Each structure stands twice: as C-alpha cells, then as structure tokens.
Amino acid sequence: MDRKTPAAERERKDLVSGQVMDEACLIRFVPGPDGQVFPDLGRKLPGRGLWVAANREAVDTAAKKGLFARAAKAGVKAAPDLSDQIERILMKRCLDQLGLARREGVLISGFEKCHAALKAGRATWLIEASDGSEDGRTKLLVAVDKSERPVEVCGVFSSSDLGLALGLENAIHHVLPVGRRAERWAFEARRLAGFRPLLPLEWRGRD
C-alpha cells in the first residue's frame, strides 16, 4: 500500500496543461517494455514517470493527442480505454481501503451506528451503497447536512461491491471517522472522482 499521504506530496508538471500541481492531483504513468503506457497508481513502477491531471478529460486528451509519446520522446502508445482502466483500478483501491478500515476496527457500519457518528460529529466520510433503500439514505444525508464538521459522501459502490470488500452480508451504510485511514481513503476517492462522480445525480439537490 502507499505510505505517502497527500500532505507529503511533491509537485509535478501535468503534461496536458503544463501546470505544476501537487502529486495528489496527478496520476503517474510509465511506458512498458512493449511501448504501452501504464497507469502507476501506487507510484512504485521503475522508469521515468509521465504525469497527467487525475481526471478523465486530461487522460483522454493525452492519449488522443499523443502527448505521452511527446513527453517520453519515444513511440509510446496509450490504450483507447485508458481512462476506464484507471477508473477500475481506483475503484478497487478505494474498496481495499475500506477493507483495511474494517480490519483495523475503524469503519463504522449499520444505520444506527452511522447516524450516531454523524450526530456526534465523528464522521468525515459517509459511504452509502448505491442500491440501498432511499429512506435510510435520506435520513443519513440529512444528518450529513446537520453535522458539525464537513462530511463527504460516496455513493459509487453497490451493496455487492461493499459486501465483498468488507466481508458483510448487508453492506449498506458506512462511516469513516476522522483519522489516518480516512485520509488515505480520501486520497483515493478524490482521484476516483475525476473519472466517476462520487454522488449519483438523484442524490443531489437536497437543500
């Protein structure tokens, strides 16, 4: 797993915009031996890194305009579904973080416990199954709006996704309290948000 946290990141240049950004806002790519460019989400692969802003538009632009090859000064190719590959990897990395949080005993699960954590101002993230009941979700989203501290919401994963990652049969409502694991989850979740909205359209506009 990554040992880096967003606060310890260095700055790199986005090869699409030319802007210098914190590494937390970028995705590292490396050319493989076959000339295919690979996303290095854990930033561990050897070789010179090619950095692109962590969003679908930037990655698609880099792939379509041959910017990876230009930056690498070599015949580097990008797969047509590169952005989709990144989305799938980030989805898994987020689920892995939740699995670690459960094994560490810091993940709060179940409606009543999540509601209590939100009311007490302990929550930093609410992770709701995308196919959970509207009634329970609405009550927790109201609690999010009333929380003393800002709480971010993720509704990307289905109950099956969450159940497999957490080893639970009824994986619907989850809260990450303030702490290091929540920071690591947030790092992955915010990168995922560049490729897939964390909040389904039908959940928005609660005011």
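Student: In what sense do β7 and β8 pair, and over how many bridges?

Tutor: Keep in mind that this is a predicted model. Strand β7, residues 123-128, pairs with β8 in the parallel sense, over 3 bridges. To see the register, look across from I127: C154 in β8 stands opposite.

Student: What is the strand order in the open sheet that holds these two?

Tutor: The order is β6-β9-β7-β8, an open sheet of 4 strands with mixed pairing. The edges are taken by β6 (108-109) and β8 (152-154); each has a single partner strand, so one side of each is left without a neighbour in the sheet.

Student: Which helix lies across β7, β8 and β9?

Tutor: That's α5, residues 134-146. Against β7, α5 runs at about 160 degrees, and the β9 it lies across spans 173-177.

Student: Let's zoom in on one residue of β7. Is T124 buried or exposed?

Tutor: The cut-off you need is this: buried means under 20% relative accessible area. T124, which lies in strand β7, comes out at 19%, so T124 counts as buried.

Student: Which residues is T124 in contact with, leaving aside its neighbours within four places in sequence?

Tutor: There are three stretches to look for: P150, V151 and E152, then L176, P177 and V178, and finally A182.

Student: Now the strands earlier in the chain. How many bridges join β3 to β5, and how many join β3 to β4?

Tutor: Take β3 and β5 to start with: 4 bridges join them, and the two run antiparallel. Strand β5 covers residues 50-53. For the register, F29 stands opposite L50, and I27 stands opposite V52. Then there's β4, residues 37-39, which is joined to β3 by 3 bridges and is also antiparallel to it. There, P31 stands opposite V37.

Student: What do β3 and β4 form, and which turn residue has a positive phi?

Tutor: They form a hairpin, with 5 residues between the strands. The turn residue to click on is G35, whose phi is about 85 degrees.

Student: How many residues of β3 are buried?

Tutor: Strand β3 (residues 26-31) is mostly covered, with 5 of its 6 residues buried.

Student: And in β5, which residues point one way and which the other?

Tutor: The general idea is that side chains in a regular strand alternate between the two faces of the sheet. In β5, L50 and V52 point one way, W51 and A53 point the other way, and all are buried.

Student: Where is R43 found, and what is its phi?

Tutor: R43 is found in the loop between β4 and β5. Its phi is positive, about 55 degrees, although R43 is not a glycine. Its relative accessibility is 12%, so R43 counts as buried.

Student: On to helices. What should the 23 residues of α3 span, and how far apart are its end C-alpha atoms?

Tutor: Work from 1.5 Å a residue, remembering that the expected span uses one less than the number of residues. For α3 (residues 82-104) that gives 33 Å, and the end C-alpha atoms are 33 Å apart, so the two agree. Just after α3 you'll find G105 with a positive phi of about 80 degrees.

Student: At what angle do α3 and α7 pack?

Tutor: About 165 degrees, with the axes 9 Å apart. Angles over 145 degrees count as roughly antiparallel, which makes α3 roughly antiparallel to α7. Their crossing is left-handed. Among the residues that meet, α3 brings L90, M91 and C94, and α7 brings W185, A189 and L192.

Student: And how do the axes of α1 and α3 cross?

Tutor: They cross at roughly 140 degrees and come within 9 Å. That makes α1 oblique to α3. Residues R56, V59 and D60 of α1 make the contact, together with L82, S83, D84, I86 and E87 of α3. The crossing of α1 and α3 is right-handed.

Student: One last residue: is K119 buried or exposed?

Tutor: Exposed means over 50% relative accessible area; K119 has 61%, so K119 is exposed. You'll find K119 in helix α4, residues 111-119. For a distance along the way, the C-alpha atoms of K119 and L199 are separated by 21 Å, with the two residues 80 apart along the chain.

Notes. Residues are numbered from 1 along each chain as its sequence is written. This is a predicted model: local features need pLDDT of at least 70, side-chain atom pairs count only at pLDDT 80 or more; totals for chains, interfaces and linings use all residues. Side-chain values use heavy atoms; hydrogens and water are left out. Buried means under 20% relative accessible area, exposed over 50%, partly exposed in between (1.4 Å probe, protein chains only). Two strands pair if DSSP finds at least two bridges between them. Contact means heavy atoms within 4.5 Å. Axes are lines fitted to C-alpha atoms, for helices over the stretch in contact, and angles run from 0 to 180 degrees between N-to-C directions. Angles under 35 degrees count as roughly parallel, over 145 as roughly antiparallel, 65 to 115 as roughly perpendicular and the rest as oblique. A crossing is left-handed if the near helix is turned anticlockwise from the far one by less than a right angle, and right-handed if clockwise.
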